[in-house]
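Thanks for making time this morning. I'll walk you through one structure, piece by piece. Please have a look at it first.

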Amino acid sequence: MRMAENWQTLANAIQATGTGEHLDRMIDLICSLVPYDLITVTRYSATEKPEFVKHRRFSEEMVAKYLRDYYVYDPFYAHWRKQRRAGVLPLRKLASPEMKRGQYIAEFLAQSRICDELGVLMQDAGDRCLGIFLDRSEKPFRDSEVQALEQRFPVFASLHARDVLSRSPPLDSGGGKAEGASPQSEPQIPETLWPELSGREKQVVKMILAGHPTATVAKRLGITVGTAKNHRRRIYEKLDITTERELFLQFFHSRSG
């Protein structure tokens with residue numbers, strides 16, 4: 001029963017891409033894998049103050065304190081400004097002995113009744129990232145829970161990249177990239193997955209999973225849009241699927257096996 005619920009949660013997240021439900025369904029997908037007590041969602045920029053986007057079971061008073069006093073001490077914010085690296089990031093990887101005694105952990109998290117935090121950072125538009133943070137009040141996150149999210153991170157990143165593309169202006173007439181159209185790096189496809197596909201077809205699949213529309217696939221491969229569509233059609237025929245949603249489901253299943 002739990003497996004069926006997980007598949008439905010993934011399907012809901014895929015269907016919500018490009019809609020106002022995207023973020024909530026992404027939270028549902030991530031939280032279906034790892035137990036949590038609180039959820040906070042923050043958008044970071046390399047050049048601007050963080051934006052507190054959404055939360056579940058968190059205090060509005062602590063939201064105000066974070067934006068007023070504590071964001072400058074946020075180690076996840078510092079990580080993004082310095083490294084611009086997306087991925088699954090446990091607080092313990094950032095927490096030096098000094099930081100454990102500092103304002104973010106000893107004051108902000110303590111006042112929020114949070115004992116451990118785990119961030120899922122996904123590339124957003126421009127120089128920004130969207131961070132979905134799972135928080136716990138008593139038990140720290142286990143290594144196995146971090147690994148479960150790391151294994152599935154390419155799916156989270158690809159879904160969010162598709163949503164970013166849906167919110168971005170189209171490519172200009174000169175062929176340049178519109179601001180914010182920054183899909184994630186192409187995910188790695190296991191060698192044993194989809195052996196029936198040719199090398200070129202696997203290139204196309206990687207770009208689809210990374211959130212690139214057909215026009216961008218064609219441009220990157222130096223082929224016509226019609227040829228890119230034919231590649232997609234043959235891929236679907238070989239995999240016995242009819243929708244992009246089913247492609248994501250097969251890829252997700254390979255990551256969770």
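**A first tour of the model**

Let's begin in a loop. R84 sits between α4 (75-83) and β3 (87-90), in the loop that separates them. This is a predicted model, so please keep that in mind throughout. R84 is not a glycine, yet its phi is positive, near 50 degrees. Is R84 buried or exposed? Neither: its relative accessible area is 39%, so R84 counts as partly exposed.

Now step back to the whole protein. It has 11 helices and five strands. The protein has 257 residues, and buried residues make up 50% of them. The exposed surface is about 12600 Å². Carbon and sulfur atoms supply 48% of that surface. What about contacts along the sequence? Take the contacts between residues at least 6 apart in sequence: 62% of them join residues at least 24 apart.

Next, the strands. β1 covers residues 38-45, and β2 covers residues 51-56. How do β1 and β2 pair? They run in the antiparallel sense, over five bridges. A hairpin of five residues connects β1 to β2. For one position to look at, find T42, which stands opposite F52 in β2. As background, side chains in a regular strand alternate between the two faces of the sheet.

On to the inside. In soluble globular proteins, nonpolar side chains tend to be buried together. Here, the largest nonpolar core has 50 residues. Which residues have the most contacts inside that core? They are F156, L159 and W194. Helix α7 gives the most to this core, with seven residues. There is also a second, separate core, and this one has 23 residues. Among its members are Y44, F52, A95 and L121. You have met F52 already, as the residue opposite T42.

Let's stay with W194 for a moment. W194 lies in the loop between α7 (143-167) and α8 (199-209). Is W194 buried or exposed? It is buried, with a relative accessible area of 4%. W194 also has a positive phi, about 55 degrees, although it is not a glycine. R84 is another non-glycine residue with a positive phi. What does W194 touch? Set aside its neighbours within four places in sequence. W194 is then in contact with I189, K202, V205, L209, L239, L247, Q250 and F251.

Now for charges. Side chains of opposite charge can pair when their charged atoms come close. How many salt bridges does the model have? The count comes to 17.

Start with K54 and D24. Their side chains meet in a salt bridge, at 3.6 Å from N to O. K54 lies in strand β2 and D24 in helix α2 (residues 22-31), so this pair ties together parts that are 30 residues apart in sequence. K54 is partly exposed, with a relative accessible area of 28%. D24 is buried, at 19%. The cut-off for buried is under 20%, so D24 falls on the buried side with its 19%.

Next, R56 and D28. They form a salt bridge too, with the closest N and O atoms 3.0 Å apart. Again the pair links distant parts of the chain: R56 is in strand β2, D28 is in helix α2, and they are 28 residues apart. D28 is partly exposed, with a relative accessible area of 25%.

Both pairs belong to a wider arrangement. Which residues are linked in the network of salt bridges? E21, D24, R25, D28, K54 and R56.

One more pair, elsewhere in the chain. D69 forms a salt bridge with R68, and their closest N and O atoms are 3.0 Å apart. D69 is partly exposed, at a relative accessible area of 34%. R68 counts as exposed, at 54%.

Last topic: cysteines. A disulfide is a covalent bond between the sulfur atoms of two cysteines. How many disulfides are there in this model? The count comes to zero. Two cysteines are worth finding on your screen. C31 is buried, at 13% relative accessibility. C115 is partly exposed, with a relative accessible area of 35%.

To close, three places to revisit. Look at W194, buried in its loop at 4%. Look at T42 opposite F52. Then trace the salt-bridge network that includes K54 and R56.

Conventions
Residues are numbered from 1 along each chain as its sequence is written. This is a predicted model: local features need pLDDT of at least 70, side-chain atom pairs count only at pLDDT 80 or more; totals for chains, interfaces and linings use all residues. Side-chain values use heavy atoms; hydrogens and water are left out. A disulfide is a pair of cysteine sulfur atoms within 2.5 Å. Buried means under 20% relative accessible area, exposed over 50%, partly exposed in between (1.4 Å probe, protein chains only). Helices (H or I, at least four residues) and strands (E, at least two) are DSSP runs, numbered from the N terminus. Two strands pair if DSSP finds at least two bridges between them. A nonpolar core is a set of buried Ala, Val, Leu, Ile, Met, Phe, Trp, Tyr and Cys residues joined through side-chain atoms within 4.5 Å. Contact means heavy atoms within 4.5 Å. A salt bridge is a side-chain nitrogen of Lys or Arg within 4 Å of a carboxyl oxygen of Asp or Glu. Accessible areas come from the Shrake-Rupley method with a 1.4 Å probe; for residues, only the protein chains shown count as cover.
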